[in-house]
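Please consider the model shown here, beginning with its sheet and ending with its cysteines.

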Amino acid sequence: MRVAVIQQSNSADLAANLDHSLSLVRQAADKGAELVLLQELHRSLYFCQTEDTSVFDLAESIPGPSTERLGALAKELGIVIVGSLFEKRATGLYHNTAVVLEKDGSLAGIYRKMHIPDDPGFYEKFYFTPGDADFNDGRSGFSPIPTSVGKLGLLVCWDQWYPEAARLMALAGADLLLYPTAIGWDPSDDQSEQQRQLDAWITIQRAHAVANGLPVLVANRTGFEQSPADESGILFWGNSFVCGPQGEFLAQADSDSEQVLLADVDMDRSESVRRIWPYLRDRRVDAYRDLTKRYRD
């Protein structure tokens, strides 16, 4: 299956951002992509650099205007599109939510970001409520979304540092792991520190592919976005990539340009890899009870 990851730079113009995203999705489909992944919060600038209550005006319902446009394009092109939106679930209740639009334009499912960071420049706890551990229908919050191209194990940005999240998606039958992302450097960090951060980010996600025997798709944004508060900002490091079930790179973008990154994923390889590396078989589930504790004293 041919997949595409969209690496995009954003402006303060929401309509222009979405139009540009849809144009890049169209380019991906023209090159044969059946599944297209957009980056985290692709409608806007990454607004979590500061805490500002007026920003909540950017949030929208799901289904809503953006899912309508994404769905219409998915139907026109006959592809599956994964988007990332600032969701208004109810008055005063907001989520960082990934959405999946099926080939017929329907909303196949959503995933609400479970791990929410709160660090300088990434003040997400001010804006986003974590996804429910369980949906109201009883499904786990870590539930793959069934689609015509496979079961998509959707996770979002900060989720990518947690092996538990990837493993739970794999245990629920995910065929691929997908990470819409917005992560970058503090430009004041020296080059060696920047390289360590980038290497860690790539390594942890390739490790999720290896540990679970699944392909991984990662979409990150690129470009510098200045903080609304001062001259500081985030230099998003791009490097979107696709890797196979042994962590092997199938495609990787650069750090500083927009890109429609294409890769051909062999959906049968996970079966072969899991036969020679049967990690799921050898898990000691009887000995992992302490994983539910915050810390072992």
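**Sheet, packed helix and cysteines**

In this predicted model, six strands build an open sheet of mixed pairing, arranged in the order β8-β9-β10-β12-β15-β16. The edges are occupied by β8 (145-147) and β16 (249-252); each has a single partner strand, so one side of each is left without a neighbour in the sheet. On average, and with direction ignored, neighbouring strands of the sheet are turned by 20° against each other.

Within this sheet, β12 (residues 216-219) pairs with β15 (residues 241-243) in the antiparallel sense, and three bridges join the two strands. One residue pair can be located here: V216 has C243 in β15 as its bridge partner. Helix α4 (residues 191-212) packs on the sheet, where it touches β10 (176-180), β12, β15 and β16. The direction of α4 makes about 30° with that of β15.

The bridge partner C243 leads to the matter of the cysteines. A disulfide is a covalent bond between the sulfur atoms of two cysteines. How many disulfides does the model contain? The count comes to zero, the cut-off being a pair of cysteine sulfur atoms within 2.5 Å. C48 is in no disulfide, and the nearest cysteine sulfur, that of C157, is 9.7 Å away. C243 is likewise in no disulfide; for C243 the nearest cysteine sulfur is again that of C157, at 16 Å.

Are C48 and C243 buried or exposed? C48 counts as buried because its relative accessibility is 0%, and C243 counts as buried because its relative accessibility is also 0%, where buried means under 20%.

Terms used:
Residues are numbered from 1 along each chain as its sequence is written. This is a predicted model: local features need pLDDT of at least 70, side-chain atom pairs count only at pLDDT 80 or more; totals for chains, interfaces and linings use all residues. Side-chain values use heavy atoms; hydrogens and water are left out. Buried means under 20% relative accessible area, exposed over 50%, partly exposed in between (1.4 Å probe, protein chains only). Two strands pair if DSSP finds at least two bridges between them. Helices (H or I, at least four residues) and strands (E, at least two) are DSSP runs, numbered from the N terminus. Axes are lines fitted to C-alpha atoms, for helices over the stretch in contact, and angles run from 0 to 180 degrees between N-to-C directions. Contact means heavy atoms within 4.5 Å.
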